[in-house]
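Subject: Structure handover

Hello,

I am passing on the structure we spoke about. Please look it over before reading the notes underneath.

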Amino acid sequence: MKLFPKNRKEKVVYTKQTSSPIQDAVLLKEIEKVKSDMDNAYENFQNVLDPDLIDCYIFESNAALKRYHFLLKQAKKIV
C-alpha cells in the first residue's frame, strides 16, 4: 500500500490574502482583546497563592500569548 503517490498532478499555489476594512478592524479588536486577556492573566497570576490557580493563570497566559502570535501573523499577511 502506497501512502504517498510519486506523481502528484496537483500544484499548490499560495496567494497573498486580501481583506476588507471590516476584517482589518475585527482583527485589530481581537488583538486588543488578547492583549487585555494577557494583562489580566499576568495580574491574576501575581495575586494568587493556590497552586491550582497558579497553574490556571499560567495556562491562560500561555494560551493568550499563542493567540496573540497567531493574530500578529494574520495581520502581517494582510499588509
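The notes below cover the core first and then the charged residues. Please keep in mind that this is a predicted model.

Core

Seven residues make up the largest nonpolar core: Leu27, Ile31, Val34, Met38, Ala64, Tyr68 and Leu71. Two helices, α1 (21-47) and α2 (51-78), each contribute at least two residues to this core. The largest share, four residues, is supplied by α1.

Val34 is a useful place to start when viewing the core. Leaving aside residues up to four places away in sequence, Val34 is in contact with Ala64, Arg67, Tyr68 and Leu71. Of these, Ala64, Tyr68 and Leu71 are themselves listed in the core.

Salt bridges

Side chains of opposite charge can pair when their charged atoms come close. How many salt bridges does the model have? The count is two.

One of them joins Glu30 to Arg67, with 2.7 Å between the closest N and O atoms. Glu30 belongs to helix α1 and Arg67 to helix α2, so this pair ties together parts of the chain that are 37 residues apart in sequence. Are the two partners buried or exposed? Glu30 is partly exposed, because its relative accessibility of 27% falls between the 20% and 50% cut-offs. Arg67 is also classed as partly exposed, at 39%. Arg67 is the residue already mentioned as a contact of Val34.

The second bridge is between the side chains of Lys33 and Asp37, with an N to O distance of 3.4 Å. Here both partners sit in helix α1, four residues apart, which is about one turn of the helix. Lys33 has a relative accessible area of 47% and is therefore partly exposed. Asp37 is partly exposed as well, with a relative accessible area of 32%.

Lys35

One further residue may be worth a look while you have α1 on screen. Lys35 is located in helix α1, and its relative accessible area of 40% makes it partly exposed. Where does Lys35 lie with respect to Arg67 in sequence and in space? The two are separated by 32 residues in sequence, and their C-alpha atoms are 9.7 Å apart.

To recap, the core draws on both α1 and α2, the Glu30 and Arg67 bridge also runs between these helices, and the Lys33 and Asp37 bridge stays within α1.

Regards

Technical notes. Residues numbered from 1 in each chain as written. Predicted model: local features only at pLDDT ≥ 70, side-chain atom pairs only at ≥ 80, totals over all residues. Heavy atoms only, no water. Core = buried A, V, L, I, M, F, W, Y, C linked by side-chain atoms within 4.5 Å. Buried < 20%, exposed > 50% of the residue type's maximum accessible area, 1.4 Å probe, protein only. Contact = heavy atoms within 4.5 Å. Salt bridge = Lys/Arg side-chain N within 4 Å of Asp/Glu carboxyl O.
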